[in-house]
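Work through the exercises below with the sequence and the model at hand. Each task is followed by a solution in steps.

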Amino acid sequence: MVAKSLLRTCFVLMFVLGRSPVASATLPEYNNADIENPSPVQGSKETFQRSLSGLYSIPSYRSPTLIQPHSDFDALYQQAASAQSELEDILSQVSLLTAAQPVLPGLKSEARAQQKIATELEGQTELLTDLARGSLVTNNIGSLVQSFELLNKEVTVVEVKNRFKTPAPSGYRDLKLLVRLPKTQHIAEIQLHLEEISVIKNGAEHEIYEQIQTIERKATTEQRDLNDIELAKLASLRQQSRAMYQTAWHQYLQPEAIAS
């Protein structure tokens, strides 16, 4: 039994690392029973493995020059309106070919954009890359990977943050892209979400985030360090967040959830 288990583990390691261009890719979290006994919906263990290894093989990347076509705010914001329309068309086209659904919040407001330029970008308007933005939300990993592959053919990807391989400290996972659109040449932001994780981010985890902000803001306002009770409360809240995200993520590691 031990020899059989070791052989099976070696097979999985060879398969995943053989497909991934990144040698340090994190291995998918699934067990031997899932691999050997995929559900009828999944179809085959090869499809199961391919979906996961495909997601983990997407490397994080950042272009050395992420500069918008305009440094003047009014000119950039005007261009962003056309870019938003272009982006929405692309996301809608991708959604027709996959199980993903587009989420289109529209342009970032002028007030919020100018605030970000002043407080986060040291006044450099040309570094603002999330004026035009949109998301694709799906309920299976295969569809998410397919969406990324289709987008890669329609736009120039200039940054990838694969937070499925390297989750945020809260446990949150997504695939965040910056892309240069072919017509406007504007850089826009696209996020690829798994539905259950997105629901937590916009619901229960947002409430936890607000509680954390309240505790930290109180200490800052009173110009003091966090006390032991506050530190314990923050640790508990962050652990709750990680547990929720981990539970949601594990749902997608079941064979029937990964089928495309």
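**Exercise 1. The sheet**

Task: State how many bridges join strand 1 to strand 4, and place the two strands in the sheet of this predicted model.

Solution. Strand 1 and strand 4 run antiparallel and are joined by two bridges. One pairing can be found by residue: tyrosine 61 has valine 160 of strand 4 as its bridge partner. The sheet is open, has six strands with mixed pairing, and follows the order 1-4-5-6-3-2. Strand 1 (61–62) and strand 2 (101–103) each have a single partner strand and stand at the edges, so one side of each lacks a neighbour in the sheet. Helix 7 packs on this sheet, where it touches strand 3 (133–138) and strand 6. The direction of helix 7 makes about 105° with that of strand 6.

**Exercise 2. Two packed helices**

Task: Describe how helix 7 and helix 8 pack, and which residues make the contact.

Solution. Two packed helices are described by an angle and a distance, both taken between their axes. For helix 7 and helix 8 (residues 204–221), the angle is about 35° and the axes are 3 Å apart. Helix 7 contributes Val199, Ile200, Lys201 and Asn202, while helix 8 contributes Ala204, Glu205 and His206. Sorted by class, this contact has three nonpolar, two polar and two charged residues.

**Exercise 3. The nonpolar cores**

Task: Find which residues have the most contacts inside the largest nonpolar core, and which element gives the most to this core.

Solution. The largest nonpolar core has 38 residues, and Ile141, Leu151, Leu175 and Trp249 have the most contacts inside it. Elements that give two or more residues include helix 4 (73–97), helix 6 (141–154), strand 5 (175–180) and helix 9 (228–251). Helix 6 gives the most, with six residues. Next, take leucine 151 and leave aside its neighbours within four places in sequence: the contacts are Ile90, Leu91, Val94, Leu136, Leu177, Ile190 and Leu192. A second core, separate and of nine residues, includes Ala80, Ala113, Ile117 and Leu121.

**Exercise 4. A glutamate in helix 9**

Task: Is glutamate 230 buried or exposed?

Solution. Begin with the location: glutamate 230 lies in helix 9. Its relative accessible area is 11%. Buried means under 20%, so glutamate 230 is buried. Finally, leaving aside neighbours within four places in sequence, glutamate 230 is in contact with Ile215, Arg224 and Asp225.

Conventions
Residues numbered from 1 in each chain as written. Predicted model: local features only at pLDDT ≥ 70, side-chain atom pairs only at ≥ 80, totals over all residues. Heavy atoms only, no water. Core = buried A, V, L, I, M, F, W, Y, C linked by side-chain atoms within 4.5 Å. Buried < 20%, exposed > 50% of the residue type's maximum accessible area, 1.4 Å probe, protein only. Helix = DSSP H or I, 4+ residues; strand = E, 2+ residues; numbered from the N terminus. Contact = heavy atoms within 4.5 Å. Pairing = 2+ DSSP bridges. Axes fitted to C-alpha atoms, helices over the stretch in contact; angles between N-to-C directions. Nonpolar A, V, L, I, M, F, W, Y, C, P; charged D, E, K, R; others polar.
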